[in-house]
Amino acid sequence: MRNLDTSKAAGSDRVPVQIYKAAASVLSGPLTHIYNMSIQSRIFPDAWKLSNVVPLPKSSKPSIDKLRPISLLPVPSKVFEQLILHSDLYSLFLQSFGDTQFGSMPDSSTTCALIKLIDFVTNTLDKPEVAGVQLLAYDYSKAFDVLGHSTIINRLRKLSFPEGFISWIANYLTGRRQAVQLGSTLSSTLPITSGVPQGSVLGPALYCLVAGGLQKVHDSTFIMKYIDDVNFAIPVMKTGESHVSSEHNNICVWSENNGLRLNTSKSIMLLISKSKGAVVTSLPTMEVVSELRILGVVINYCLKWDSHLDRVVRSCSRKMYALRVLRPLLSNEKLAAIYFGLIRSILEYASPVFVNLPKHLEEKTNRIQKRAHWLVCRTHPESCTCDMFESLRDRRIKAAIRLFTNASLNPGHILHNILPSCSKRTGRFIQPSSITSRHFSTFVPFTTSEINYNFVR
């Protein structure tokens with residue numbers, strides 16, 4: 001409790017997080033007793049089943065059908081859920097997620113998920129018998145809200161979770177109530193008959209546990225799940241053979257059996273082709289597009305980063321207004337901190353995925369930093385002597401090397417199995433073969449080359 005994040009909003013009990021943190025030494029004893037009684041009786045306290053739902057817009061232009069309901073739960077409830085999730089049951093949860101789930105996993109992130117997807121696509125495209133790779137991006141309608149409680153309980157039983165824990169989870173899910181909170185206004189409460197609360201600790205884990213049941217039909221298919229985001233990468237052979245239809249039918253049947261609704265208006269597909277012989281397999285419910293956005297990164301039909309960087313640069317240019325307004329009021333160091341947190345963080349999101357950018361895209365990102373540098377230091381970057389603005393390329397490479405090193409040293413890391421092994425003779429990493437520059441510029445081969453180069457020096 002001493003490590004609670006005080007920036008979080010108060011839960012439905014209206015007790016600020018600061019109070020729980022400050023009184024941790026006094027409250028820990030009574031709460032431990034309540035937690036133990038809950039486990040022994042297999043009953044979750046009713047007072048902690050009430051959540052205040054805050055609707056957050058999913059886009060910059062909010063609309064009634066594009067709101068994400070975040071549940072504000074009492075702090076003791078969330079602390080309890082953390083203890084449950086990090087108990088001896090943790091390994092059972094991780095096993096149930098499967099090796100295709102990147103959300104709610106240790107040593108994982110959206111960057112890791114994208115790296116593994118791009119690694120699969122580029123490696124597949126380097127095979128002579130492959131004409132292209134078809135990406136299928138699926139979207140679920142209110143997945144957290146419609147997931148049936150019986151579906152969760154049946155999945156727990158199938159995975160041989162302890163019966164006592166299953167009974168406790170059944171009680172945790174049932175009898176919940178929620179009210180909608182807008183500012184200081186609170187609606188009346190209504191019962192919740194399905195779903196898991198968004199904003200809880202156990203909610204994403206229980207969803208991932210059910211999603212672990214979705215498996216691919218063919219060995220050549222790659223599945224990437226990030227909580228409720230599901231993406232398929234399916235090779236298209238030069239002979240025209242493809243498993244797109246069977247994989248699509250499989251996810252449709254699985255979703256229906258588990259009470260989940262695929263959002264056909266947002267489920268789209270993209271063909272990444274290396275030759276004119278690749279033909280997209282059309283599906284009646286999915287639109288074919290020339291680019292799609294996966295976990296915040298735009299991937300286009302030729303696997304270049306122009307579309308993604310154009311969006312990023314436009315977003316950063318709009319945010320540069322904050323530096324211009326605050327320039328007369330703040331010191332250089334504070335302005336730089338605003339740039340690092342508000343603008344550079346966007347430029348560097350998932351940067352190891354596109355670690356080796358071509359010169360024209362490198363220059364686009366550099367122009368943003370040069371503008372910020374001029375606004376902060378009030379002088380041209382070429383003549384400035386400050387050391388606050390490190391090269392964006394150097395920072396990308398350093399971030400990629402850190403991630404590569406951590407993954408190589410940790411056999412449990414989600415990227416460990418795609419990294420090359422070390423040579424017993426030289427101690428360097430064995431350089432993966434790359435037929436195309438497109439493949440060499442991706443995370444694994446390029447970072448391997450950088451690490452080996454530094455190793456030699």
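Here are a few worked exercises on the empty spaces in this model and on two backbone angles.

**Ground rules**

We're working with a predicted model, so local features need pLDDT of at least 70 and side-chain atom pairs count only at pLDDT 80 or more, while totals for chains, interfaces and linings use all residues. Numbering starts from 1 along each chain as its sequence is written, and side-chain values use heavy atoms, with hydrogens and water left out.

**Exercise 1. Find the cavities of 30 Å³ or more and describe the lining of the largest one.**

Step 1: get the terms straight. On a 1 Å grid over the protein atoms alone, a cavity is a set of points where a 1.4 Å probe fits but cannot get out; a pocket is an open set with protein on both sides within 12 Å along at least five of seven lines; and lining residues have an atom within 4 Å of a point. Grid points are joined across faces, edges and corners, and a volume is the space filled by probe spheres set on the points.

Step 2: count. Two cavities make the 30 Å³ cut, and the largest has a volume of about 50 Å³.

Step 3: walk round the wall. L309, L347, E348, F354, L357, T365, L392 and R396 line the largest cavity.

Step 4: sort by class. Ala, Val, Leu, Ile, Met, Phe, Trp, Tyr, Cys and Pro count as nonpolar, Asp, Glu, Lys and Arg as charged, and the others, Gly among them, as polar. That lining splits into five nonpolar, one polar and two charged residues.

**Exercise 2. Work out which helices supply the lining of the second largest cavity.**

Step 1: the space itself comes to about 40 Å³. Around the second largest cavity sit I115, I118, D119, V353, T442, F443 and V444.

Step 2: map these onto helices (DSSP runs of H or I, at least four residues; strands are runs of E, at least two; both numbered from the N terminus). At least two lining residues come from each of α5 (110-125) and α16 (443-456), and α5 gives the most, with three.

Step 3: by class, the second largest cavity has five nonpolar residues, one polar and one charged in its lining.

**Exercise 3. Describe the lining of the largest pocket.**

Step 1: the largest pocket holds about 1600 Å³ of space. Of its 39 lining residues, K58, R68, D139, D229 and K266 are the closest to the centre.

Step 2: β2 (67-72), β3 (130-138), α6 (143-146), β8 (229-237) and β11 (291-294) each bring at least two residues to the lining of the largest pocket. The largest share, four residues, is from β11.

Step 3: the class tally for the largest pocket reads 16 nonpolar, ten polar and 13 charged.

**Exercise 4. Do likewise for the second largest pocket.**

Step 1: about 480 Å³ of space lies in the second largest pocket. Its lining has 21 residues, with D99, K116, F222, I414 and N417 nearest the centre.

Step 2: α5 and β7 (222-226) each put in at least two residues, and α5 has the largest share, three.

Step 3: eight nonpolar, eight polar and five charged residues make up the lining of the second largest pocket.

**Exercise 5. Place two non-glycine residues that have positive phi, S104 and K142.**

Step 1: S104 has phi near 60° and sits in the loop between α4 (90-97) and α5. S104 is partly exposed (between 20% for buried and 50% for exposed, 1.4 Å probe, protein chains only), at a relative accessible area of 37%.

Step 2: K142 has phi near 50°, and its spot is the loop between β3 and α6.
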